[in-house]
Amino acid sequence: NLKDGQKYLFYPAQFWAHKNHRYIVDFLKLMKKNNNKIYKIVCCGSNKSNRNYIEKIIKENNLTEDFIIFNYLSNDEVIQLYKNSFGLIMPTYVARSTLPLYESFFFHKPVFYSNDILDNKLYQFVIGFNSYDPSDLVNKLKNIENGEIDLSKLTNSAFEYYKSTCNDEV
């Protein structure tokens, strides 16, 4: 369901309530209200009692075309989703650090992560957003489009951090 050149944010997270997929629905609803149809969301992960609810509110908000949801994927499929994504979105209520965060650093992808959750040393490598206010993420994306946030500098420094942290010597 992705067209060539279609921008999408990737959210590889099981469907637990604390993973806050609801925030993404509210974010896309706001984007659509503002006639901004630039981004789609690609999710993958198993149902942990919250997927039916998320799919229901996606449908209720006429956002079915804006979401692509997979169950578990092969490593190669996940790699391709990272490589072709605009970035990672992580609107979680918990998780001071996550494997998808480091995978995004490796693939030079910007990370959009909930404020006040991460280890302090990681904030310099992500674009934090208020996980209770979807308009905050909308504004961060506008700042990127306007050139106010240098994604190249951000993703390069995140990759350097990844290399220094995730190696055989550490």
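**Notes on a six-stranded parallel sheet and its helices**

1. Let's start with one residue. Val42 is buried, with a relative accessible area of 1%; that counts as buried because the cut-off is under 20%. Keep in mind that you are looking at a predicted model. Val42 is found in strand β2, which covers residues 39-44. Leaving out residues up to four places away in sequence, Val42 touches Leu2, Tyr8, Leu9, Phe10, Tyr11, Ile68, Phe70 and Leu81. Take Tyr8 from that set: Val42 and Tyr8 are 34 residues apart along the chain, yet their C-alpha atoms are separated by 6.7 Å.

2. Now zoom out to the strand. How many of the six residues of β2 are buried? Six of the six are, so the strand is mostly covered. Look at the two faces in turn: Tyr39, Ile41 and Cys43 are on one side, Lys40, Val42 and Cys44 are on the other, and all of them are buried. Yes, that list includes a lysine, Lys40.

3. Next, the whole sheet. In what order do the strands of this open sheet stand? Reading across, you get β3-β2-β1-β4-β5-β6, six strands with parallel pairing. β3 and β6 stand at the edges with a single partner strand each, so one side of each has no neighbour in the sheet. From one strand to the next, the twist averages 25°.

4. Here is how β2 is held on its two sides. With β1, it pairs in the parallel sense over six bridges, and Leu9 stands opposite Ile41 in β2. To get from β1 to β2 the chain goes through α1, and this β-α-β crossover is right-handed. With β3, β2 runs parallel and is joined by four bridges; Cys44 has Phe70 as its bridge partner in β3. The path from β2 to β3 passes through α2, again as a right-handed β-α-β crossover.

5. Move across to the other half of the sheet. Strand β1 (residues 7-12) also pairs with β4, in the parallel sense, over two bridges. Leu9 turns up again here, standing opposite Gly87 in β4. Strand β4 (residues 87-90) is then joined to strand β5 (residues 111-114) by three bridges, and these two run parallel. Leu88 stands opposite Val111 in β5. Between β4 and β5 the chain travels through helix α4 (residues 99-106), and the crossover is right-handed. Three bridges join β5 to β6 (residues 127-129), also parallel, with Phe129 in β6 as the bridge partner of Ser114.

6. Helix α2 (residues 51-60) is a good one to practise on. Which of its residues are buried? They are Arg51, Ile54, Ile57 and Ile58. These residues cover an arc of only 135° around the axis, which puts them on the same side of α2. The reason such a spacing works is a general one: an α-helix has 3.6 residues a turn, so residues three or four places apart point the same way. On the other side of α2, Asn52 and Lys59 are exposed. The buried residues of α2 are covered by elements including α1 (21-33) and β3 (67-70). After α2 comes Asn62, whose phi is positive, near 55°.

7. Helix α1 deserves its own look. It lies across β1, β2, β3, β4 and β6. Its direction is at about 165° to β2.

8. What about the nonpolar interior? The largest nonpolar core has 55 residues. Those with the most contacts inside it are Phe27, Phe67, Leu101, Phe105, Phe112, Tyr113 and Leu141. Try following Phe105: setting aside neighbours within four places in sequence, its contacts are Val111, Leu122, Phe125, Val126, Ala158, Phe159, Tyr161 and Tyr162.

9. One last residue to check. Is Asp136 buried or exposed? Asp136 is buried, with a relative accessible area of 18%, because anything under 20% counts as buried. Asp136 sits in helix α5, residues 134-145. Not counting residues up to four places away in sequence, Asp136 touches Asn115, Gly128, Phe129 and Asn130. You have met Phe129 already: it is the bridge partner of Ser114.

Note on methods:
Residues numbered from 1 in each chain as written. Predicted model: local features only at pLDDT ≥ 70, side-chain atom pairs only at ≥ 80, totals over all residues. Heavy atoms only, no water. Buried < 20%, exposed > 50% of the residue type's maximum accessible area, 1.4 Å probe, protein only. Contact = heavy atoms within 4.5 Å. Arc of directions from axis to C-beta. Pairing = 2+ DSSP bridges. Right-handed = clockwise from strand over helix to strand, strands pointing away. Axes fitted to C-alpha atoms, helices over the stretch in contact; angles between N-to-C directions. Core = buried A, V, L, I, M, F, W, Y, C linked by side-chain atoms within 4.5 Å.
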